[in-house]
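Work through the exercises below with the model open beside you. Try each task before you read its solution.

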Amino acid sequence: MKISLSPRLSKGFTLIELIIVIAILATLSSIAYPTYMSIQTNAARTAAKKSCTDIVAAVENFKQDNNGMFPYNTEMATPDDNDQMYLTTTSGQDADMIKILTNREGEDVERRLNSTRSIYLKADEQEQPSDGLFVDSMGDVHFYDAWGKPFHIILCEEDEGAIDPFTSRRYRGKNCLVYGTGPDGEGVAVTETAAPKSKSKKGKKMSKKEKKAAAEAAAAAAELMEEALEDNVYSWKNQK
């Protein structure tokens, strides 16, 4: 005996029903994805800020163990007129600081600054240049944030303390400041500044029009810098 299927059992989704389901899924995705990305970004910012403070703590602990000596190769970095040194955590630009703090110096005992072989900066070694310690194919050591960018280090051995590279404020008692440039990688402080010129190229005083243009350009530059700094993370000030 031949059995026929009921029309109700064989009925599938209509085109309108499929469109409605797809629209609902798309709406949910559009709501969930930005939330997910925001959570990921905030987690990365938290980790980056912790790395900033970890570097500062490592420098301070090294100083305490080594009679106030700073953990950097003096042959690779010299202070400027403000007794400041500007380093990054990229190999070749850190004056061997990361090697010293992570006990990855060479075996030449006479040249080792970390004579006790202590590990002041703990970090898992990463296979890619992001979120921690990265050793490249040449064996050079780097220390990067979650977005694959180096941290910036300001050192000052004077008692007056280091200078905030964005506001020129001195922080008495702080000899090491560290910051990261966040997800966009912008907001790098200018380490050398020139005084504004009051005369034009011809040696004459600036006209009212030139002064206005200069003021507008300065205001625009300040606004761009403020926007660039929004994503930065710092060891010396609170985040919003």
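**Exercise 1.** Which residue stands opposite Tyr144 in S4?

Solution. Some ground rules come before the steps. This is a predicted model, in which local features need pLDDT of at least 70, side-chain atom pairs count only at pLDDT 80 or more, and totals for chains, interfaces and linings use all residues. Residues are numbered from 1 along each chain as its sequence is written, and side-chain values use heavy atoms, with hydrogens and water left out.

Step 1. Find strand S3 at residues 132-135. Helices (H or I, at least four residues) and strands (E, at least two) are DSSP runs, numbered from the N terminus.
Step 2. S3 runs antiparallel to S4, and four bridges join them. Two strands pair if DSSP finds at least two bridges between them.
Step 3. Read off the partner: Gly132 faces Tyr144.
Step 4. Check the connection. S3 and S4 form a hairpin with five residues between them. In the turn, Gly139 has a positive phi of about 85 degrees.

**Exercise 2.** Place the hairpin in its sheet, then state whether the faces of S4 are covered.

Solution. Step 1. The sheet is open, has three strands and follows the order S2-S3-S4, with mixed pairing.
Step 2. Strand S2 (125-126) and S4 are the edge strands, each pairing on one side only.
Step 3. In a regular strand the side chains alternate between the two faces of the sheet.
Step 4. Sort the residues of S4 (141-144): Val141 and Phe143 lie on one side, His142 and Tyr144 on the other. All four are buried, and both faces are covered. Buried means under 20% relative accessible area, exposed over 50%, partly exposed in between (1.4 Å probe, protein chains only).

**Exercise 3.** Classify the ring pairs of Phe166.

Solution. Step 1. Set the criteria. Rings of Phe, Tyr and Trp (its six-membered ring) pair if their centres lie within 6.5 Å; planes under 30 degrees apart count as stacked, over 60 as edge-to-face and the rest as tilted.
Step 2. Searching the whole structure gives eight aromatic pairs.
Step 3. Take Phe166 and Tyr179. Their ring centres are 5.0 Å apart and their planes stand at 70 degrees, so the pair is edge-to-face. Phe166 sits in the loop between strand S6 (162-163) and strand S7 (170-171), and Tyr179 in strand S8 (residues 176-180), so the pair ties together parts 13 residues apart in sequence. Tyr179 is buried, at 3% relative accessible area.
Step 4. Take Phe166 and Tyr234. Here the centres are 6.0 Å apart and the planes at 90 degrees, so this pair is edge-to-face. Tyr234 belongs to strand S9 (residues 233-234), so the pair ties together parts 68 residues apart in sequence. Tyr234 is buried, at 4%.
Step 5. Assemble the cluster: Phe166, Tyr179, Tyr234 and Trp236 form one aromatic group.

**Exercise 4.** Summarise the chain.

Solution. Step 1. Count the elements: four helices and nine strands.
Step 2. Write their order from the N terminus: α-α-β-α-β-β-β-β-β-β-β-α-β.
Step 3. State the burial: 31% of the 240 residues count as buried.
Step 4. Gauge the contacts (heavy atoms within 4.5 Å). Among those between residues at least 6 apart in sequence, 54% join residues at least 24 apart.
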